Amino acid sequence: MSASGVLSFTQQGWEQVLAKVKRAVVYLDSACAESLHWGCGSTRLLEAVGGPDCHLREFEPDAVGGGAKQPKVVFVLSCLLKGRTVEILRDIICRSHFQYCVVVTAVSHAVHLTANHVPAAAAAEMEGQQPVFEQLEEKLCEWMGNMNYTAEVFHVPLLLAPVAPHFALTPAFASLFPLLPQDVHLLNSTRPDKRKLGSLGDVDATALTPELLLQIRCLVSGLSSLCEHLGVREECFAVGSLSRVIAADLANYAPAKNRKKTAAGRASVVFMDRTLDLTGAVGHHGDNLVEKIISALPQLPGHTNDVMVNMIELTALQTEEENCNVVAPGCLAQSNDTTAKALWEALLNTKHKEAVMEVRRHLVEAASRENLPIKMSMGRVTPGQLMSYIQLFKNNLKALMNHCGLLQLGLATAQTLKHPQTAKWDNFLAFERLLLQSIGESTMSVVLNQLLPMIKPVTQRTNEDYSPEELLILLIYIYSVTGELTVDKDLDEAEEKVKKALAQVFCEESELSPLLQKITDIKQIAAASELWLECKSHETDWDSSINLTFHKSRIAVDKLFTSLRDIAGARNLMKQFKSVYVPGNHTHQASYKPLLKQVVEEIFHPERPDSIDIEHMSSGLTDLLKTGFSMFMKVSRPHPSDYPVLILFVVGGVTVSEVKMVKDLVASLKPGTQVIVLSTRLLKPFNIPELLFATDRLHPDLGF
C-alpha cells in the first residue's frame with residue numbers, strides 16, 4: 001500500500017465524477033466541494049467540464065437552473081438521496097431544460113436500503129441490484145419531462161478531504177461529536193419502555209437515535225470503501241463510547257464480508273472519542289504555524305477546514321477593508337501546485353520557527369528563479385520582511401501565475417504573524433502552564449477563584465484581557481485537564497461566583513458573537529434538555545439574542561457548567577487512561593500528556609499488554625468463539641500493533657500538532673508501520689465550544 005493511499009482513494013473517486021462532467025452544469029454540495037478542494041482542486045473540474053463558461057454551482061434550494069442551451073447536468077452530493085435532498089433535485093430540474101442528468105452520491109446503495117427500512121436479510125438478497133437508484137432514475141426522467149431522456153444515479157465514495165499523504169478529514173461528518181453524560185438522560189427519555197441507561201458505558205447502537213445511527217452507517221460505508229481501496233481487512237478497536245458503536249458497526253458491516261475474505265493486507269482501525277481529552281483541542285501547547293494560521297484567519301465560506309487569505313496586497317487596489325471582498329481570497333489547499341504542496345507539508349511537520357524560515361526560503365528561491373530584485377536578509381523572520389518579498393511578484397503576471405500557490409501560503413503566514421490573535425497565543429500558553437502548576441497544588445475551587453478576576457465586562461476590558469469566548473476556552477481547558485472532580489461546598493461556591501460573573505458579562509456585551517448567540521439561545525437549550533418546564537414556568541422570552549436578560553443568561557450559563565462537569569467526568573469510565581495530567585516534582589514541572597499519545601504508546605508497548613481501554617470489536621461468530629475460548633485456553637486476540645497499517649480515527653476533530661505527534665511517535669516506536677490519521681474535522685480552539693454546545697448532537701441533519 002502506498003503512503004498516499006488517502007490521496008489516491010480521493011483522486012480515484014473524483015476521476016469517476018470527472019469522466020461524466022464534460023459540457024455539463026455541475027452542482028456540488030459543500031462537503032463534496034471540500035473533498036474536491038483538497039483532493040484535486042476546482043481547476044481539474046473546470047478543465048473536465050471544458051468550454052468558455054464556468055458552470056459550477058452550489059447545490060441549494062435557490063440554485064439557478066440550467067438554460068435552454070444547457071442540456072446536461074451532474075449533481076455531486078455527499079448525502080443520502082432522500083427527503084429534502086430529492087425535493088431540491090426535483091425543483092432544480094423542473095426549472096431547467098436538461099435532457100441528460102447524472103446524480104453522484106457519496107453514500108452507498110446499501111446504506112440507502114437501510115435508510116428506507118429494508119431489512120438486512122432482504123438487502124442481502126439484493127446484492128448486485130440497485131432498486132433505490134433505479135427508482136430515482138425514473139423520477140429524474142419524469143422531472144426532465146421525457147422518459148426517453150437519459151438519467152444515471154451511482155455511488156462514488158467521496159468521503160475524504162486529504163490534507164496530507166498520511167492525514168485526511170471527513171467534511172460530511174464535521175458535526176459528528178461524541179456523546180456527553182447529559183445525553184444519556186435525553187436518550188433515556190425516548191425509551192420509556194426499555195431498560196434505562198446508567199452511563200455512557202451502557203450506550204450501544206440500539207440506544208442511539210435513528211438519525212445518529214444512520215449518520216454513523218454513512219461514515220462506516222465510506223470507511224469500508226477506503227479499506228477496499230487500500231486492499232486491507234480491518235480489525236476494529238475503540239476508545240470511548242461513541243467510538244465503540246462506530247467500530248462495532250464497521251467490524252460487522254455486512255456488505256464488506258466478501259471484500260474482507262479476499263483482502264491481501266491487514267490493518268488496525270482505532271477510533272477514539274475527542275471528548276476524552278479536550279485539553280489538547282483548546283490548548284495552545286502546539287508549536288505549529290498552521291495551527292496559528294487556522295486560528296487567526298477567517299474561515300473560507302462553505303468550508304470547515306480551510307481559511308481565507310487576503311490577496312489584495314498583490315493587486316493595485318488600496319488595502320481598505322471594503323476592498324477585501326473585491327478580490328477572491330486565497331487558501332491553504334494547493335493540490336495542483338507541486339512546490340506549494342511541498343511547502344504545505346513542511347509547515348504541517350515542523351515547529352513554528354522552522355516553518356516561517358521555510359516560507360522565507362521558498363519565497364527567496366522563487367524570486368531568484370524569476371530574476372526579481374530581491375534583497376537578502378538573515379535573522380528573525382518578520383511579517384514586513386515576508387511582505388517585501390511577496391510584493392516583488394506584484395507587477396509580474398508571469399511570476400504571479402508561476403508561484404500563485406506559494407504566494408498564498410506566504411501571505412497566510414505574514415497575515416498570521418501580525419494578527420492580534422497570534423500575539424495572544426503566548427499569553428494563553430503562559431496562563432495554561434500556570435494553571436497546570438495550580439491544579440497540582442490547589443483544589444479546583446482555588447483554581448476557579450484565580451480565574452474570577454479575569455472575567456470582566458466589555459466596559460472594563462482591554463485588548464490584553466480575555467473575551468467571553470476566550471474565557472469559555474480556558475474553562476474547558478481547566479475542567480478537561482483536571483478530570484474527575486471532588487464535589488464539595490467550596491467547589492459549589494466557587495462555581496456559583498464564576499456563573500454569576502459570566503452571566504453578567506454575557507448580558508452586558510454590546511453585541512453577542514455567533515458563538516455566544518448559540519450558547520444563549522434558550523429556546524434551543526430548552527428543546528434539547530430538561531430545562532423546558534423551567535423556562536415555561538418563568539414565561540421566558542425566547543428571542544435571547546436580542547434583549548438578553550440576566551435570567552436567560554443564567555439559564556445558559558447553568559447549562560454550560562453542566563457540560564463542563566460532563567467534560568471533567570469524561571474519563572471516569574476509563575480504567576487505564578484516567579488522566580492527562582502529570583503532576584510536577586522537584587525536577588519537573590507539572591505537564592499535560594495527551595490521551596492520543598498515551599493510546600499510541602500503549603498500542604506499541606514492547607510487552608504488548610491487553611489494554612482494557614482499547615476495546616477490540618469482534619466481527620461475527622469466529623471472533624466471538626475466539627474470545628470465549630480465550631477464557632479457558634491461550635488464544636491470542638487481535639492486538640492493534642499486529643498489522644503493518646494503523647488507521648487512527650479521532651471522532652470529533654483533531655489538531656495539526658496531534659497529527660504530527662502521532663506520526664513522529666509511530667515512527668519512533670515501530671518504524672515501518674504506516675500510519676494514517678483520519679478525523680471529522682481540523683480543530684482550532686474556538687471550534688470546541690461550538691461542538692460542545694450544539695443541540696443537534698443526537699439528531700444530526702441528514703438532509704431529509
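**Figure 1. R608 is a partly exposed residue, with a relative accessibility of 41%.** This close-up comes from a predicted model. Look for R608 in the loop that runs between α27 (595-603) and β12 (615-617). Its backbone deserves a second glance: R608 is not a glycine, and yet its phi is positive, at about 50 degrees.

**Figure 2. R23 also has a positive phi without being a glycine, with a value of about 60 degrees.** Where does R23 sit? You will find R23 in the loop between α1 (5-18) and β1 (25-28). Is R23 buried or exposed? Its relative accessibility is 60%, so R23 counts as exposed.

**Figure 3. The whole protein, to help you find your way around, has 30 helices and 14 strands.** Its radius of gyration is 26 Å, close to the 27 Å that the globule rule gives for 704 residues, so the protein is as compact as a globular protein of that length. Measuring along the principal axes, the C-alpha trace spans about 75 × 75 × 60 Å. Of the 704 residues, 55% are buried. Much of the contact map joins stretches that are far apart in sequence: taking contacts between residues at least 6 apart, 78% link residues at least 24 apart. As for the outside, the protein exposes about 30800 Å², and carbon and sulfur atoms supply 52% of that area.

**Figure 4. K139 and E142 form a salt bridge through their side chains, with an N to O distance of 4.0 Å.** Side chains of opposite charge can pair when their charged atoms come close. Why is this pair easy to place on the helix? K139 and E142 are three residues apart in helix α7 (residues 131-144), so about one helical turn separates them. Both ends of the bridge can be described by their accessibility: K139 is partly exposed, with a relative accessible area of 39%, and E142 is partly exposed at 45%.

**Figure 5. R217 and D249 make a salt bridge in which the closest N and O atoms are 2.7 Å apart.** This pair links distant parts of the chain, since R217 belongs to helix α9 (residues 210-230) and D249 to helix α10 (residues 241-251), with their positions 32 residues apart. Are the two partners buried or partly exposed? R217 is partly exposed, with a relative accessible area of 23%, whereas D249 counts as buried at 16%.

**Figure 6. D664 and K660 are joined by a salt bridge, and their closest N and O atoms lie 2.7 Å apart.** Follow helix α29 (residues 656-669) to see both residues: they are four residues apart, about one turn of the helix. D664 is partly exposed, and its relative accessible area is 37%.

**Figure 7. E496, K499, R554 and D558 are linked in a network of salt bridges.** Here is a view in which to trace several charged side chains together. How many salt bridges does the structure hold? The count is 26. Stepping back to the charges of the protein, there are 67 positive and 79 negative ones, and their mean positions are 4 Å apart.

**Figure 8. K424 is a buried residue, with 10% relative accessibility.** Its home is helix α19 (residues 420-441). Which residues does K424 contact, once neighbours within four places in sequence are left aside? They are N463, E464, D465, Y466, S467 and E470. One of these contacts can be described by its backbone spacing: the C-alpha atoms of K424 and Y466 are 9.4 Å apart, and the two residues are 42 residues apart along the chain.

**Figure 9. E495 counts as buried, at 3% relative accessibility.** Start from helix α22 (residues 489-508), where E495 is placed. Not counting residues up to four places away in sequence, E495 touches L448, Y479, F561 and R565. For a sense of scale, try finding R360 too: its C-alpha atom is 48 Å from that of E495, and the two residues are 135 residues apart along the chain.

Note on methods
Residues numbered from 1 in each chain as written. Predicted model: local features only at pLDDT ≥ 70, side-chain atom pairs only at ≥ 80, totals over all residues. Heavy atoms only, no water. Helix = DSSP H or I, 4+ residues; strand = E, 2+ residues; numbered from the N terminus. Buried < 20%, exposed > 50% of the residue type's maximum accessible area, 1.4 Å probe, protein only. Rg over C-alpha atoms; globule rule 2.2 N^0.38 Å. Contact = heavy atoms within 4.5 Å. Areas by Shrake-Rupley, 256 points an atom, 1.4 Å probe, with all protein chains shown as cover. Lys, Arg positive; Asp, Glu negative; His and termini not counted. Charge placed at Lys NZ, Arg CZ, Asp CG, Glu CD.
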